[in-house]
Amino acid sequence: MLIQELKKRFETVYGAESEGVFFSPGRVNLIGEHIDYNGGMVLPVAINLGTYAVIKKRSDQRVNVISLNFEGLGVMSFELDKIMYDASLDWVNYPMGVLYTMQQEGYQTPFGFDMLFYGDLPNGAGLSSSASIEVLMATIANTYYELSLDGVALSKLCQKSENQFNGVNCGIMDQFSIAMGKEEHAVLLNCDTLAYKYVPANLGDYRIVIVNTNKKRGLVDSEYNLRRQECETAFVVLQSAFKNRKITSLCDLTPSEFLTVSEALPTESVYKRAYHAIVENHRTIKSKEALSDGNLVALGEWMYGSHESLSNYFEVSCKELDLVVKLSRKLRGVLGARMTGAGFGGCAIALVHKSHCDAYQQAIGEQYKIETGLEAAFYIAQISGGTARVE
Ligand code: GLA
């Protein structure tokens, strides 16, 4: 939907002209999956699909919000001086949590807003629609309350809000890549130190195709927390088994160091989780080198390797994501494919030559429908900048 149209809709809902328009991207992670909470390196990109907010400031404490994606819910409201989690407010708990967290951190939130949201990210598909909304709200508050927080501080605040207000125990990758994204660049982020580097996305004639399996992500919260616990168990055991130096997170160990202590791990699944995390970290470092060198064949192979490990070792894939990757492997012009995000459904990405993108979508779409009965949806990702005011 065009910005002009969103502004008109704002006027119809609130009976007044808006004052500002902000856009917040979604993200896909090229590689480095399920290692942000293990102190690993991740390589996400912000994308041009995302969330818009059209806003006007108010003089009182009230915040009114409506989403054109959930128009049936109508305008929902809360008061800044009485914020509490409220399940009946549905998605509004994300922006509300961000404002609450700002208050908890001692920032003044002197006035409310009238706001209209619209997103073109598929919901719950693993492209971080919730982090997109969080960073959007944080950026609006940062601008209007003149807080002068930088993108790193905003992303930490949004992660804290999601962890504590919304009860989702996510890592920092999504909020960071959305706040700090840069056009035509991937963000290489060390999740242990938050040191980051922009890596030019030299993809030449290749495109990142997002394949939404349209498989609803079941079990994701409980399984996500379970994986985190298993990684924590592995870390505690490996930390005491590894005598040569102090390790601060699972991904602090190189794959060879891991092999010297891996026998200490108590169960098959704890071993497999740790193996994935440590080798995935290595794959991310190698992928960054491959991307910088323009070695897209190597990048594609690391992507396939990442998927296989997420499927067999970390066990967060599903038959629909596995099928997309398996079919991708057989097609001309495809260098790599993998699930992206938390898994258990949602989206895969593939690195596809621009002149094979149409054939790719057709071939995957048809065979996927035959084997699963589901319609896949496709998007060609443009790598975009981070959350910002657009008007
Ligand atoms: C979700 C979480 C992230 C990250 C990914 C898996 O998107 O929000 O913090 O853990 O899963 O890489």
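**Figure 1. A buried charged pair, Arg 27 and Asp 174, in a predicted model**. Both Arg 27 and Asp 174 are tucked away as buried residues in this predicted model. Their side chains come together in a salt bridge, at 2.7 Å from N to O. Arg 27 belongs to strand 1 and Asp 174 to helix 5 (residues 173-180), so this link ties together parts that sit 147 residues apart in sequence. In general, side chains of opposite charge can pair when their charged atoms come close. The count for the model comes to 21 salt bridges, and the next two views show others from that count.

**Figure 2. Glu 230 meets Arg 273**. Here's another salt bridge, again 2.7 Å from N to O, this time between the side chains of Glu 230 and Arg 273. Glu 230 sits in helix 6 (residues 220-241) and Arg 273 in helix 8 (residues 268-293), so the pair ties together parts that are 43 residues apart in sequence. Buried or exposed, Glu 230 and Arg 273? Both are buried.

**Figure 3. A network of salt bridges that includes Glu 280 and Arg 283**. Arg 283 and Glu 280 form a salt bridge, with their closest N and O atoms 2.9 Å apart. The two residues are 3 apart in helix 8, which puts about one helical turn between them. Arg 283 and Glu 280 are both buried. Zoom out a little and the pair turns out to be part of a network of salt bridges linking Glu 33, Glu 280, Arg 283 and Arg 338.

**Figure 4. The open sheet of 6 strands**. Follow the strands across this open sheet and the order reads 5-4-6-3-1-13, with mixed pairing. Strand 5 (76-79) and strand 13 (388-389) are the edge strands; each has a single partner strand, so one side of each has no neighbour in the sheet. Further in, strand 3 (residues 44-57) and strand 6 (residues 113-119) run antiparallel and pair over 7 bridges. To find your place in that pairing, look for Val 54, whose bridge partner in strand 6 is Leu 116. Helix 3 (residues 129-144) lies across strand 1 (20-29), strand 3, strand 6 and strand 13. The angle between helix 3 and strand 1 is about 145°.

**Figure 5. Strand 9 and its pairings with strands 11 and 12**. Strand 9 (residues 206-212) has 6 of its 7 residues buried, so the rest of the structure largely encloses it. With strand 11 (residues 347-353), strand 9 runs antiparallel, joined by 7 bridges. Val 209 has Ala 350 as its bridge partner in strand 11. Strand 9 also pairs with strand 12 (residues 377-381), again in the antiparallel sense, over 5 bridges. There, Val 211 stands opposite Phe 378. As a general point, strands of a sheet pair through backbone hydrogen bonds, either parallel or antiparallel.

**Figure 6. The largest nonpolar core and a second, separate one**. Which members of the 95-residue core touch the most other members? They are Ile 140, Leu 238 and Tyr 360. Helix 3 gives the most to this core, with 9 residues. Domain 1 (2-199 + 385-389) and domain 2 (207-381) both give residues to the core, so it lies between them. For a closer look, try Leu 238: setting aside neighbours within four places in sequence, Leu 238 is in contact with a list of residues including Ile 247, Leu 250, Leu 253, Phe 258 and Val 261. Ala 274 and Ile 278 are also among the contacts of Leu 238. A second, separate core has 30 residues, among them Val 28, Ile 47, Leu 188 and Leu 203.

**Figure 7. Two loop residues with positive phi, Leu 194 and Glu 315**. Most residues other than glycine have a negative phi. Leu 194 has a positive phi, near 65°. Leu 194 is found in the loop between strand 7 (185-190) and strand 8 (196-200). With a relative accessible area of 18%, Leu 194 falls under the 20% cut-off, so it counts as buried. Glu 315 has a positive phi too, near 55°. The loop that holds Glu 315 runs between helix 9 (296-312) and helix 10 (319-329). How accessible is Glu 315? Its relative accessibility is 34%, so Glu 315 counts as partly exposed.

Terms used
Residues are numbered from 1 along each chain as its sequence is written. This is a predicted model: local features need pLDDT of at least 70, side-chain atom pairs count only at pLDDT 80 or more; totals for chains, interfaces and linings use all residues. Side-chain values use heavy atoms; hydrogens and water are left out. Buried means under 20% relative accessible area, exposed over 50%, partly exposed in between (1.4 Å probe, protein chains only). Helices (H or I, at least four residues) and strands (E, at least two) are DSSP runs, numbered from the N terminus. Two strands pair if DSSP finds at least two bridges between them. Contact means heavy atoms within 4.5 Å. Axes are lines fitted to C-alpha atoms, for helices over the stretch in contact, and angles run from 0 to 180 degrees between N-to-C directions. A salt bridge is a side-chain nitrogen of Lys or Arg within 4 Å of a carboxyl oxygen of Asp or Glu. A nonpolar core is a set of buried Ala, Val, Leu, Ile, Met, Phe, Trp, Tyr and Cys residues joined through side-chain atoms within 4.5 Å. Domain bounds come from an automatic or database domain assignment.
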